[in-house]
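Q: Could you take me through one part of this model up close? I'd like to see how two helices sit against each other, and then a little of what else is around.

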Amino acid sequence: MQRHDDVHFSSSSIRIHSSSHDQSFLANLQSCSKTLASQLSTTRLSLGRLLKSLKNRHSSPRFTQNRPNSPTQMLNSITQLMIGKSSLAPSVSLSLIHPAQSIWSDSGADNKGLTAGINSPLLCCASLSLTRPSESTQSVEGKDVIQQQLQKGHSVSRNAEERVLISEVLVRTKDGEELERKDLEMEALAALKACRANSALTIREVQEDVHRIIESGYFCSCTPVAVDTRDGIRLMFQVEPNQEFRGLVCENANVLPSKFIQEAFQDGFGKVINIKRLEEAITSINGWYMERGLFGIVSDIDTLSGGIVRLQVAEAEVNNISIRFLDRKTGEPTKGKTRVETILRQLTTKKGQVFLESLSLDVYSMLQGKRDVDTVLAMGIMEDVSIIPQPAGDSGKVDLIMNCVERPSGGFSAGGGISSGITSGPLSGLIGSFAYSHRNILGRNQKLNVSLERGQIDSIFRINYTDPWIEGDDKRTSRSIMVQNSRTPGNLVHGNQPDNANLTIGRVTAGIEYSRPFRPKWSGTAGLIFQHAGARDEQGNPIIKDFYSSPLTASGKTHDDTLLAKFESIYTGSGDHGSTMFAFNMEQGLPVLPEWLFFNRVNARTRKGIHIGPTRFLFSLSGGHVVGNFSPHEAFAIGGTNSVRGYEEGAVGSGRSYVVGSGEVSFPMRGPVEGVLFTDYGTDLGSGPTVPGDPAGARLKPGSGYGYGFGVRVDSPLGPLRLEYAFNDKHTGRFHFGVGHRN
């Protein structure tokens, strides 16, 4: 039991299975409906003669809703509720009989006809019969009366339209006494539309006002009684108010927050139960499920003794999840190459999960299903994925079938790109590439990629093996093993040599990395990487000094050997380029052997985007620092397309430390084209002379600088194509072309 603002709530997660014969939905919330009948005698000569009797009375059914007794019925009822086909509103039928002939019975009693001719003062009794709209086709008392009247040659419609003058209208209890609560009396009187003192009424108008009193929600029965007095005909509406709301019991709501239930019902505590307010609370609960894409419904509601309202919630559970592979051409079931367990472990949907549109007792939702589909597609081995729910026999649960269409597991590809490290020469920045990849080794979603990139100067040969999720790990840890042989231009640090000679930096690298998400939107990477690096001239011969006699290695040998312990943490917002991003990277050189380099390098970058209408502002900041003995060609290079625009690559400076900031404003122009205005600033924080050999000082790099300009960007299958023109602080203009977003 919980106590909340004087409201007593009791919730239970114990599942109570009811039999298929229990069809009560709102039993006891409405009282047993009583029959409504009357007889009117009509006279041709005077008002003293009575209307002739309308025969039979009807023992109407209780206000019930059949609870689903099979998974199919459960899903159908839930679906009808969600699309607005289910209603709690009862239909009302009315007939009139003389009170002396009225027989009160339980809701399950058989209907019995009454036949008698009455000659007495006008005295009629009416009671309300509540039935579900679907039950309107059943035999009701009004239909029996009509048939009897037709057999006697009387016109019911004529009698129903005949008017009787009413001198007084009162609201009383079912025993004819005044109501203790005057507010309920006022509610009943306020609901009346036609029935007023000194008005001439028809049976139909009385019937409609009975409807209105019941529809006010405060009363479980209403019986109109007309009494002939010396002052005229007095019309009394004998009502029975609902119980006062004293507590709530909610059963089988495994995922519905108790706080939400409390907020939905607490305003009614201590007040007479109002059916309309109760319907609103039920609608809000069903809406809570719907808004979250959950298949849930209030399946039963009734009142217990003492004004306790009991809710029963139906939440379908997942019985089983199966994977079905379909042929990508014919769509027919086929044998898949991917292991079933490889797919199942990607899903947040689990067996036993509550099904409401996925193995835990959380609710499965359509949103969760979409995330599961997106996750399986992100594996890169599926062409199409869909989830189909089906009833699991008569168990009241649901089976989920995931249809998967596999992509070809491997193949060759070719492409091209642009190198940012080469700034001069015809077609010097173009790179061609050739690759072979296998996306699904042994059906475990493990990937092998062998690639070769070749340009006029630089080249990269790389073998990479990745296991996106190590088997047996519950933290979604991935593993990547890499071997690479690369040759890249050295002009970022050691460029602009007077003899126009180009030197390259050759690296042989091998390493292993482990990555995993450790918080929402946060991921981390740790690994060990060995690097063997050195400089070569245009003929490919090893060199240890550049034209200015600045050393090209830290060890003084032709190559530097380094064992790096790497750690990286990345935060990403929505994943869009304009969303918030933060990345921190640290590398520690481990001197396992005396000649191996020992240093520490940290680097951080962040980005923040702000949208104002169609305009987007993007701010970025990056910086880093190196402590220890490191190779000069590993210094931070400042300037260029991805740094300070308006300068050549690395022309601002190269140092142990750096800071680069950038601000952009972009706006749509036409179709996929957008315009951009930008400004950049970068500095080495005076650390250029601390780099071994001071390569920046020998080349008269300023150490700091800024640029500004404009450009256009076009979305393409290769990514954003950027064409920009920038001026630097020396008023020199320069074009920049790039593919993809800035780093």
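**Two helices side by side**

A: Let's start with the headline: α6 and α7 are roughly antiparallel to each other, because their angle falls in the range over 145 degrees that earns that label. Keep in mind that this is a predicted model. The helices themselves are α6, covering residues 258-265, and α7, covering residues 275-291. Their axes come within 9 Å and cross at roughly 155 degrees. As for the hand of that crossing, it's right-handed.

So who's touching whom? On the α6 side you'll find F260, A264 and F265. Across from them, α7 brings R277, L278, A281, S284, I285 and W288. Sort the residues of this contact by class and you get seven nonpolar, one polar and one charged.

Now hop along to a pair of strands. β35 (residues 721-728) and β36 (residues 733-739) pair in the antiparallel sense, with seven bridges. One pairing to look for is F727, whose bridge partner in β36 is G733. The two strands form a hairpin with four residues between them, and in that turn H731 has a positive phi of about 60 degrees.

Last stop, aromatic rings: a search of the whole structure turns up 14 aromatic pairs. In one of them, F530 and W596 have ring centres 5.4 Å apart and planes at 55 degrees, so the pair counts as tilted. F530 belongs to strand β24 (residues 522-536), while W596 sits in the loop between β27 and β28, so this pair ties together parts that are 66 residues apart in sequence.

Definitions and conventions: Residues are numbered from 1 along each chain as its sequence is written. This is a predicted model: local features need pLDDT of at least 70, side-chain atom pairs count only at pLDDT 80 or more; totals for chains, interfaces and linings use all residues. Side-chain values use heavy atoms; hydrogens and water are left out. Axes are lines fitted to C-alpha atoms, for helices over the stretch in contact, and angles run from 0 to 180 degrees between N-to-C directions. Angles under 35 degrees count as roughly parallel, over 145 as roughly antiparallel, 65 to 115 as roughly perpendicular and the rest as oblique. A crossing is left-handed if the near helix is turned anticlockwise from the far one by less than a right angle, and right-handed if clockwise. Contact means heavy atoms within 4.5 Å. Ala, Val, Leu, Ile, Met, Phe, Trp, Tyr, Cys and Pro count as nonpolar, Asp, Glu, Lys and Arg as charged, and the others, Gly among them, as polar. Two strands pair if DSSP finds at least two bridges between them. Rings of Phe, Tyr and Trp (its six-membered ring) pair if their centres lie within 6.5 Å; planes under 30 degrees apart count as stacked, over 60 as edge-to-face and the rest as tilted.
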